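Hi everyone, thanks for making time for this. I'd like to walk you through one model, strand by strand, and then stop at a few backbone details in the loops.

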Amino acid sequence: RSPGNVVPTSVAEASRAMAGDTTLSENYAFAGMYHIFDQHVDQAVPKVQFANDDRSRLACCSLDGTLSILQLVPTPPAVVCVLRGHSQGVTDFAWSLSNDIVVSTSLDGTMRIWATEDGKCIRAMSDPDSSELLCCTFQPMNNNLTVAGNSKHNIHVINISTGKKVKGGSSKLTGRVLSLSFDAPGRILWAGDDRGSIFSFLFDMATGKLTKAKRLIVSEGSLITSICARSWISREARDPSLLVNACVNKLLLYRSVSRPG
């Protein structure tokens, strides 16, 4: 390396060829990019999700302690509002079925309920175990109930109207709870942890009680960072499918073949 210059090497030429023989400036030109939101540029963004049945509105959360509600159309895209209130990084969030509220979890040990129209915090609830909250999801058939997972290996069903956990709605996993997903009817809950396991729970629709059903070890010691459950209207795929992101350099697709999930 000479002052002010970088001497090209065969490695650099190979890298350039892999990038389509473009220059560094051309690679960072973002050609063809629809829009770039950079309000969280200083910290990681753990999750981005579109609103339910809405192609134009989405939200994202950041480890800077805030969430953003974003609008893609009408153009130009814009940040509708930034949700401020958490004192530490926001780890996860979920849209309600009607998209009028968002629930979020944070490393500050609180779960917050937000109005998406104006970004106001409706309620703040502390984790029952006074630990970091790492993930959350709404009960699909009863959005008055949410489920949150924490760093002390526990999941809790919480009534957002009262701010209290539901009796019988708690259970323990083998590791920190990183991901949650219900099936469409809301009768089965899957939870993934940082030890490589996915647990299924039967959810009592009347009481909110959880009953532990099955455990699947995906890969010992690997983080299960995301679970997404879907059911298909098809004779070939009638059972719920789980799309699982695990830290084993793989995206995995499972089919639930029994009632316990």
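Let me start with a term we'll want later: a residue counts as buried under 20% relative accessible area, exposed over 50%, and partly exposed in between, using a 1.4 Å probe and protein chains only. Now the ground rules: this is a predicted model, where local features need pLDDT of at least 70 and side-chain atom pairs count only at pLDDT 80 or more, while totals for chains, interfaces and linings use all residues. Residues are numbered from 1 along each chain as its sequence is written, and side-chain values use heavy atoms, with hydrogens and water left out.

Two more conventions, and then the strands. Helices (H or I, at least four residues) and strands (E, at least two) are DSSP runs numbered from the N terminus, and two strands pair if DSSP finds at least two bridges between them.

Let's begin with the hairpin of β1 and β2. Strand β1 covers residues 47–50 and β2 covers residues 57–61; they run antiparallel, joined by four bridges. One pairing to look for is Q49, whose bridge partner in β2 is A59. Six residues sit between these strands, and D53 in this hairpin has a positive phi near 55 degrees.

Next, the sheet. Four strands form an open sheet in the order β5-β6-β7-β8, with antiparallel pairing. Why do β5 (90–95) and β8 (121–126) each have a side without a neighbour in the sheet? Both stand at the edges with a single partner strand each, so one side of each is left free of a neighbour there. From one strand to the next, the twist averages 20 degrees, with axes taken as lines fitted to C-alpha atoms (for helices, over the stretch in contact) and angles running from 0 to 180 degrees between N-to-C directions. Inside this order, β6 (residues 101–106) and β7 (residues 110–115) are joined by five bridges, and V102 has W114 as its bridge partner in β7.

Now for the loops, and some torsions you may enjoy. The peptide bond from V73 to P74 is cis, with omega near 0 degrees, and so is the one from T75 to P76. P74 lies in the loop between β3 (66–71) and β4 (78–84), and P76 lies between β3 and β4 too.

Finally, two non-glycine residues with positive phi. S130 has phi near 55 degrees and sits in the loop between β8 and β9 (133–139). Is S130 buried or exposed? S130 is exposed, at a relative accessible area of 68%. H153 has phi near 75 degrees, in the loop between β10 (142–150) and β11 (154–159).
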